[in-house]
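I opened this entry to record what I looked up, going from exposure to the sheet, the core and a few single residues.

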Amino acid sequence: MGDLVITVRQIRVLKGKVAVALEIANQSDNAFLLGVDFLDRPALTDEKGNLFEYLDGIGYGNTNLVGGGQKAQTLNPKSNNDGVLNFRPKDFNTTINDIGSS
C-alpha cells in the first residue's frame, strides 16, 4: 500500500452524466496536490463500448490555466478526502438507455 489510497465509493448515472465518487486517503506525513492532467484527462468506457470524457470535478493540476478554472485539491497529511469525477458521453447521441452498468 502506498501513501495515497484511492477507493471508488459509487458510480451514478444522472441526467446524462456519469459521476464517480472517490475516497482519497493520504496516509503520508506530507500534503499533496491532486489534480487532473489537462492534456491527459481521465476517460471511461462502459461494457457496451460507450466512451465518456472528463467534464469536471477534481480541478486541474496546472493552476496557470487561461480563465482560471478549478484548482487542484490539497490532500492534507494523514487525512481522508472526498472527490468526484464527472464524465459525459463522448458521442452526444448516446442516451441513458444506451449506457451500460459499469
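Before anything else I fixed the terms: a residue is called buried under 20% relative accessible area and exposed over 50%, with partly exposed in between. I also noted that this is a predicted model.

**Lys78**

With that cut-off I went to Lys78, which counts as exposed because its relative accessibility is 57%. I placed Lys78 in the loop between β6 (73-75) and β7, and I noted that it has a positive phi of about 50 degrees although it is not a glycine. I wrote beside this, as background, that most residues other than glycine have a negative phi.

**Ser28**

From Lys78 I followed a contact to Ser28, which, leaving aside neighbours within four places in sequence, is in contact with Asp3, Pro77 and Lys78. Is Ser28 buried or exposed? I found 5% relative accessibility, so Ser28 counts as buried, and its place is in the loop between β2 and β3 (32-34). I also recorded that the side chain of Ser28 is joined to that of Asn26 by a polar contact of 2.9 Å.

**The sheet**

I then asked in what order the strands of the open sheet are arranged. I read the order as β1-β2-β7-β5-β4, with 5 strands and antiparallel pairing. At the edges I found β1 (4-14) and β4 (43-45), each of which has a single partner strand, so one side of each is left without a neighbour in the sheet. Neighbouring strands of this sheet are turned against each other by 30 degrees on average, direction ignored. For the antiparallel pair β4 and β5 I noted 3 bridges, and among the bridge partners I looked up that of Ala43, which is Glu53 in β5.

**The core**

Next I turned to the largest nonpolar core, which has 13 residues, and listed those that touch the most other members: Leu22, Ile24, Val36, Tyr54, Ile58, Leu85 and Phe87. Two or more residues of this core come from each of β2 (17-26), β5 (51-57) and β7, and the largest share, 4 residues, comes from β2. I took Leu85 for a closer look and found that, neighbours within four places in sequence left aside, its contacts include Val18, Leu22, Val36, Tyr54 and Ile58.

**The aromatic pair**

How many aromatic pairs does the structure hold? I found 1. The ring centres of Tyr54 and Phe87 are 6.1 Å apart and the planes stand at 80 degrees, so I entered the pair as edge-to-face. This pair links distant parts of the chain, since Tyr54 is in strand β5 and Phe87 in strand β7, 33 residues apart. I checked exposure as well, and both Tyr54 and Phe87 are buried.

**Asn86**

I ended with Asn86, which lies in strand β7 (residues 79-89) and has a relative accessible area of 15%, so I entered it as buried. Which side chain does the side chain of Asn86 meet in a polar contact? I found that of Asp56, at 2.7 Å. Neighbours within four places in sequence again left aside, Asn86 is in contact with Val18, Ala19, Glu53, Tyr54, Leu55, Asp56 and Gly57. My last note is that the C-alpha atoms of Asn86 and Ala43 are separated by 9.8 Å, while these residues are 43 residues apart along the chain.

Terms used:
Residues numbered from 1 in each chain as written. Predicted model: local features only at pLDDT ≥ 70, side-chain atom pairs only at ≥ 80, totals over all residues. Heavy atoms only, no water. Buried < 20%, exposed > 50% of the residue type's maximum accessible area, 1.4 Å probe, protein only. Contact = heavy atoms within 4.5 Å. Polar contact = N/O pair within 3.5 Å; in protein donor to acceptor, adjacent residues only side chain to side chain. Core = buried A, V, L, I, M, F, W, Y, C linked by side-chain atoms within 4.5 Å. Pairing = 2+ DSSP bridges. Axes fitted to C-alpha atoms, helices over the stretch in contact; angles between N-to-C directions. Phe/Tyr/Trp six-rings, centres within 6.5 Å; stacked < 30°, edge-to-face > 60°.
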